[in-house]
Each structure stands twice: as structure tokens, then as C-alpha cells.
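Welcome! Take a moment to look over the sequence and the model, and then we will walk through some of the details together.

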Amino acid sequence: PGMTMSQIPACLQLQKSDVEKMLAAQVHIGTKNCDARMASYVFGRRPDGIHVIDMDKTWQKIVLAARMIAAIENPADIAVVCSRPYGQRATLKFCRYIGATAIAGRYVPGTFTNRINPHFME
């Protein structure tokens, strides 16, 4: 299940500079709690109980997401939702860069499903 690193095109292979950026952004730092669904993504556990996320698997998921986004013809059809304060800036910058729709801040339930909702998007 999923794509192995050998199946990823050479231009999308994990580079040393990518690892350095991911380490600087601390994307490998998890929490003390580990959900059973996340167990396959955990590389190990630090002495303080914090789980360390497998960066190879993280990179595979980033590549998968990039390929899915690239496959969509009209970037305006993409909606990026982030209600967490620490992700809103990245969401807004990403959407501005690719031309997608950003929903940063409070997500209004029914935005994609309830046609009478004033914030409805198709």
C-alpha cells in the first residue's frame, strides 16, 4: 500500500536539503499520545515520551499530495482548510501561490454541503 521511494520520480526524491528544512520546521516532532492509526508513521520515541515521526513516510505523503494537487486542472477548484492558528499563514501563502481557495480561521460547517449556507462553496 502506498508508493515506495523507488517508485517516486528522481526529481521528487528526498534530498538532504529537504531533510534539513523538515528538521528545522520540526515536522518530525509528534506528541506523547499515539493513535493506533498513526502508529505506522512513528519512527520511534524519545526518552521524554514524545513520538518521532518517520520523515521518509512524511515525504511520501507530501509527494502524494503534490501529485494530487498538480492533477487538478483548475487551481480555483482546490479549497485548503486550516482552523489552527499556527497553520493559517502557511495556508494563505500556499493558496495565494497556486490560486486555490483558502479557508483560514473558523470553518463554517456545511460550507461544502449546505446550499442555503451563506458561505456555501461548490
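How exposed is Asp35, going by its relative accessible area? Asp35 is partly exposed, with a relative accessible area of 37%. Keep in mind as you read on that this is a predicted model.

## Charged pairs

Side chains of opposite charge can pair when their charged atoms come close. In this structure there are 4 salt bridges, and here we will visit some of them, starting with the residue you just met. The side chain of Asp35 meets that of Arg37 in a salt bridge, at 2.9 Å from N to O. The two partners fall into separate classes of exposure: Asp35 is partly exposed at 37%, whereas Arg37 counts as exposed, with 69% relative accessibility. That label fits Arg37 because exposed means over 50% relative accessible area.

Another salt bridge joins the side chains of Asp48 and Arg46, at 2.8 Å from N to O. Here Asp48 counts as partly exposed, at 40% relative accessibility, and Arg46 is also partly exposed, at 34%. Glu122 and Arg115 make a salt bridge too, and their closest N and O atoms are 3.6 Å apart. Both Glu122 and Arg115 are exposed.

## A nonpolar patch on the surface

Now leave the charges behind and look for nonpolar side chains. Which residues form a nonpolar patch on the surface? They are Val81, Tyr107 and Phe112, and together they have about 250 Å² of accessible area.

To find Val81 in the model, look for strand S3, which covers residues 79-82. Val81 counts as partly exposed, with a relative accessibility of 42%.

## The largest pocket

Rolling a probe the size of a water molecule over the atoms shows where empty space is left. The largest pocket holds about 340 Å³ of space. Its lining is made up of Ile69, Cys82, Arg84, Tyr86, Gly87, Ala90, Thr91 and Phe94.

Which element gives the largest share of this lining? Helix H3, residues 85-98, does so with 5 residues. Sorted by class, the lining of the largest pocket has 5 nonpolar residues, 2 polar residues and 1 charged residue. Gly87 is one of the lining residues, and it is placed with the polar ones because Gly counts as polar in this grouping. Arg84 also lines the pocket, and it belongs to the charged class because Arg counts as charged.

Notes. Residues are numbered from 1 along each chain as its sequence is written. This is a predicted model: local features need pLDDT of at least 70, side-chain atom pairs count only at pLDDT 80 or more; totals for chains, interfaces and linings use all residues. Side-chain values use heavy atoms; hydrogens and water are left out. Buried means under 20% relative accessible area, exposed over 50%, partly exposed in between (1.4 Å probe, protein chains only). Patches are made of residues with over 30% relative accessible area and no salt bridge: like charges are joined within 9 Å, nonpolar side chains (Val, Leu, Ile, Met, Phe, Trp, Tyr) within 5 Å. Accessible areas come from the Shrake-Rupley method with a 1.4 Å probe; for residues, only the protein chains shown count as cover. Helices (H or I, at least four residues) and strands (E, at least two) are DSSP runs, numbered from the N terminus. On a 1 Å grid over the protein atoms alone, a cavity is a set of points where a 1.4 Å probe fits but cannot get out, and a pocket is an open set with protein on both sides within 12 Å along at least five of seven lines; lining residues have an atom within 4 Å of a point. Grid points are joined across faces, edges and corners, and a volume is the space filled by probe spheres set on the points.
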